[in-house]
Amino acid sequence: MTIQTSTGAAPSATPAGRPLLRLTNLTKHFPQFRQTLIKRPDNPVRAVDGISFDVAPGQTVGLVGESGCGKSTAGRTLLRLLEPTAGTIEFEGRDITHAKGAELRTLRREMQMIFQDPYGSLNPRQTIGSIIAAPYDIQKITPEGGRRAAVQGLMERVGLNPEHYNRYPHEFSGGQRQRIGVARAIALKPKLIVCDEPVSALDVSIQAQVVNLLEDIQEEQGLAYVFIAHDLSVVRHISDRVIVMYLGKIMEEADRDELYEAPLHPYTHALLSAVPVPDPKRIEHKERILLKGDLPSPQNPPSGCVFRTRCPKAQERCTVEVPLPVELSPGHRVACHFPEARTVL
Amino acid sequence: MADTSGATVTTSPSARAAGERTAYLDVRDLKVHFPTDDGLVKAVDGLNFTVERGKTIGIVGESGSGKSVTSQGILGLHRRTRARASGQIWLDGEDLMTVTDERLRELRGNKMAMIFQDPLSALHPYYTIGSQIVEAIRVHHSDTSKSAAKAKAVDLLGLVGIPNPARRVDQYPHEFSGGMRQRAMIAMALANDPSLLIADEPTTALDVTVQAQILDLMRKLQAEFGSAIIMITHDLGVVAEMADDILVMYGGKAVEHGPVNDVFYEPEHPYTWGLLTSMPRLDRARLSRLNPVPGNPPSLINVPSGCAFHPRCAFTGQVPADACRAAVPDLTAAGPGHLTRCHLEPATRAELFASEIKPRL
């Protein structure tokens with residue numbers, strides 16, 4: 001058993017070869033101020049507090065956790081949409097933590113994002129054609145065969161009618177809008193797309209369409225996804241590796257099947273047992289681990305283990321000692337003083 | 001909704017005069033239509049269901065299927081100048097469609113209450129949680145003193161599991177977390193011990209761990225007070241846990257209606273099949289690929305002819321003479337208490353279910 005510290009340790013269990021993306025001790029704090037007579041600095045909000053993981057080329061890494069656990073901030077920070085407070089981001093071996101200007105703009109060709117809200121993420125005054133072509137305009141690229149042909153090709157690829165090139169976002173349904181977001185994200189053939197809750201705003205019958213589309217595009221273009229979601233069933237379907245976050249920290253990280261079949265962290269147990277299962281007969285003999293209370297404030301996280309205030313296993317040691325991520329089996333890391341393999345599902 | 005003019009209300013007093021025993025809530029042929037510039041939107045088009053006290057009905061459907069309009073219709077929340085409502089809503093022997101506005105106001109928040117989806121917009125940001133609960137109590141019990149009502153508000157907040165209720169009662173909605181706001185909404189809905197509770201997507205905005213707490217709470221409260229609950233949701237997992245009966249809506253109509261076990265284990269309608277087989281499930285082996293329902297939910301202005309689901313249905317070829325496109329299927333019995341609205345012959349349907357759907361469930 002190797003014990004890894006959260007600082008500077010290279011996360012293991014990536015396939016042979018160089019990772020596409022490596023985060024080391026990535027931290028994002030939002031400064032806060034108390035306004036009394038004069039403005040005084042207050043404790044910062046520790047949205048992301050020292051997370052390290054790798055994304056291999058063509059891999060899907062699922063990031064799960066409750067709202068406020070820092071998963072969206074992690075996604076935005078690794079794309080450099082937010083300036084990291086500490087830690088490093090390496091993309092294809094290059095340190096991009098503080099890239100700016102032209103270097104950052106070139107980098108954006110490689111990394112794109114799909115947003116959660118298909119209503120808020122498309123400019124209502126622009127036609128679909130100009131929304132999807134925006135990456136070309138920003139990067140000053142003329143695609144092969146011309147801009148219009150390229151955009152119509154993309155529209156066809158994501159299952160939209162290319163004749164709708166001149167329509168406006170309000171003329172499309174939620175599922176179709178999310179396809180527009182996908183077309184825009186793949187326009188520059190990126191190597192990594194951060195998908196922030198891409199299907200949670202969609203109807204159940206439409207979710208599967210968009211999930212399948214994302215999988216097909218990944219297969220065709222060999223791109224990697226960081227898939228941020230709170231829906232554990234969708235994450236299990238699409239991810240190769242899954243990372244469970246709580247209050248800005250990684251609680252557990254493992255390959256998909258391992259995480260769902262033999263989770264070690266009490267928080268993962270609670271999350272999995274809370275998912276309502278569409279099987280009325282199973283419910284009677286299903287064990288449910290109910291967590292008490294709410295997420296503590298990330299401005300004043302608990303001492304020791306951040307999960308201890310809601311953990312059914314918390315003991316004295318958890319109050320004083322921060323659990324470091326430990327690799328208990330190859331590729332399965334857990335940050336807990338009392339890990340225990342349990343079948344929850 | 002509370003249209004007493006009689007023009008669009010079709011009441012049949014004779015049905016009641018016979019003294020027949022009806023369910024606690026009995027909705028009969030409910031229609032809510034909205035005239036718009038683009039045409040008549042038939043948001044709810046002929047809905048029938050009943051709920052007994054202590055029981056829960058789950059109404060499942062996609063956006064635009066009419067599930068929220070139904071619940072607002074029962075509470076009489078549709079503006080009469082905007083909506084045309086007809087049918088009967090019998091609550092404990094009273095037809096809500098024919099009572100006066102005043103009587104409806106007495107019932108609303110008292111005998112029947114609603115838990116809204118988005119607590120941040122349903123709670124008033126300018127008033128403390130406590131004063132909003134006190135208002136809900138004193139509107140119906142004007143003889144209750146302010147201090148007694150406030151004491152009750154503190155009790156209610158404690159009942160729904162808000163820690164330190166005596167301090168929390170004086171806080172504003174923005175000082176509460178999402179889960180606590182939802183609890184406060186439930187506390188407000190329970191203020192007058194309603195016997196009918198309508199929960200419109202009560203947990204959709206919440207995390208799974210908080211959702212589990214809220215569902216647990218609703219079950220406990222139901223066991224204690226014997227309320228009838230209408231649970232509106234798109235999450236089949238939630239209805240599987242909570243409901244005794246399920247009503248699946250599509251395009252403003254019920255397409256399947258039956259006891260929870262029948263709908264989950266022996267679903268009859270192709271739309272229900274699609275819902276159950278399209279979602280990834282934690283309790284099943286992981287599929288290499290999901291089987292989505294093709295197409296998009298229908299627009300209620302242009303509801304497809306015949307069966308509203310036919311453009312997305314994989315089995316229209318099994319029905320002779322293009323009936324799916326031509327005629328609206330009737331809601332017919334597929335088993336005891338189990339209804340479905342589909343043109344497929346029962347034998348064909350059973351065969352399709354056994355060969356194509358059951359292995360995927």
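Select helix α6 (residues 146-159) of chain B together with its surroundings: what covers its buried residues includes α5 (129-140), α7 (165-168) and α8 of chain B. Helices here are DSSP runs of H or I with at least four residues, strands are runs of E with at least two, and both are numbered from the N terminus. The model is predicted, so local features need pLDDT of at least 70 and side-chain atom pairs count only at pLDDT 80 or more, while totals for chains, interfaces and linings use all residues. Residues are numbered from 1 along each chain as its sequence is written, with chains lettered from A and ligands numbered from 1 in the order in which they are written.

Stay on α6(B) and display its side chains. The buried residues are B:Ala149, B:Lys150, B:Ala153, B:Val154, B:Leu156 and B:Leu157. They cover an arc of only 160° around the axis, which puts them on the same side of α6(B); the arc is that of the directions from the helix axis to the C-beta atoms. On the other side of α6(B), B:Ser147 and B:Asp155 are exposed. A residue is buried if 20 or more other C-beta atoms lie within 10 Å of its own, exposed if 12 or fewer, and partly exposed in between, with C-beta atoms placed from the backbone. An α-helix has 3.6 residues a turn, so residues three or four places apart point the same way.

The length of the helix can be checked next. The 14 residues of α6(B) should span 20 Å at 1.5 Å a residue, and the end C-alpha atoms are 20 Å apart, which agrees; the expected span is 1.5 Å times one less than the number of residues. Following α6(B) is B:Gly161, whose phi is positive, near 85°.

Now select strand β3 (residues 56-60) of chain B. Five of its five residues are buried. B:Thr56, B:Gly58 and B:Val60 point one way, and B:Ile57 and B:Ile59 the other way. Add strand β8 (residues 228-233) of chain B, which pairs with β3(B) in the parallel sense over five bridges; B:Ile57 has B:Ile230 as its bridge partner there. Then add strand β9 (residues 245-250) of chain B, paired with β3(B) in the parallel sense over four bridges, where the partner of B:Gly58 is B:Ile246. Strands count as paired if DSSP finds at least two bridges between them.

Move to the open sheet of four strands in chain B, with the order β2-β1-β4-β5 and antiparallel pairing. β2 (39-51) and β5 (94-95) of chain B stand at the edges, each with a single partner strand, so one side of each is left without a neighbour in the sheet. Seven bridges join β1 (residues 25-36) to β4 (residues 84-91) of chain B, and B:Val27 stands opposite B:Ile89.

Finally, show both chains. In chain B, 39 residues are in contact with 34 residues of chain A, contact meaning that C-beta atoms, placed from the backbone, lie within 7 Å. α8 (178-189), α9 (208-225), α10 (236-242), α11 (260-265) and α12 (270-278) of chain B each supply at least two residues of the side that touches chain A. α9(B) gives the most, with six residues.

To close, colour the annotated spans. According to UniProt (unreviewed entry), "domain: ABC transporter" covers residues 27-276 of chain B, a span with 40% helix and 26% strand. UniProt (unreviewed entry) places the feature "domain: ABC transporter" at residues 21-272 of chain A. Such annotations may be inferred rather than shown by experiment.

Technical notes:
Two residues are in contact if their C-beta atoms, placed from the backbone, lie within 7 Å.
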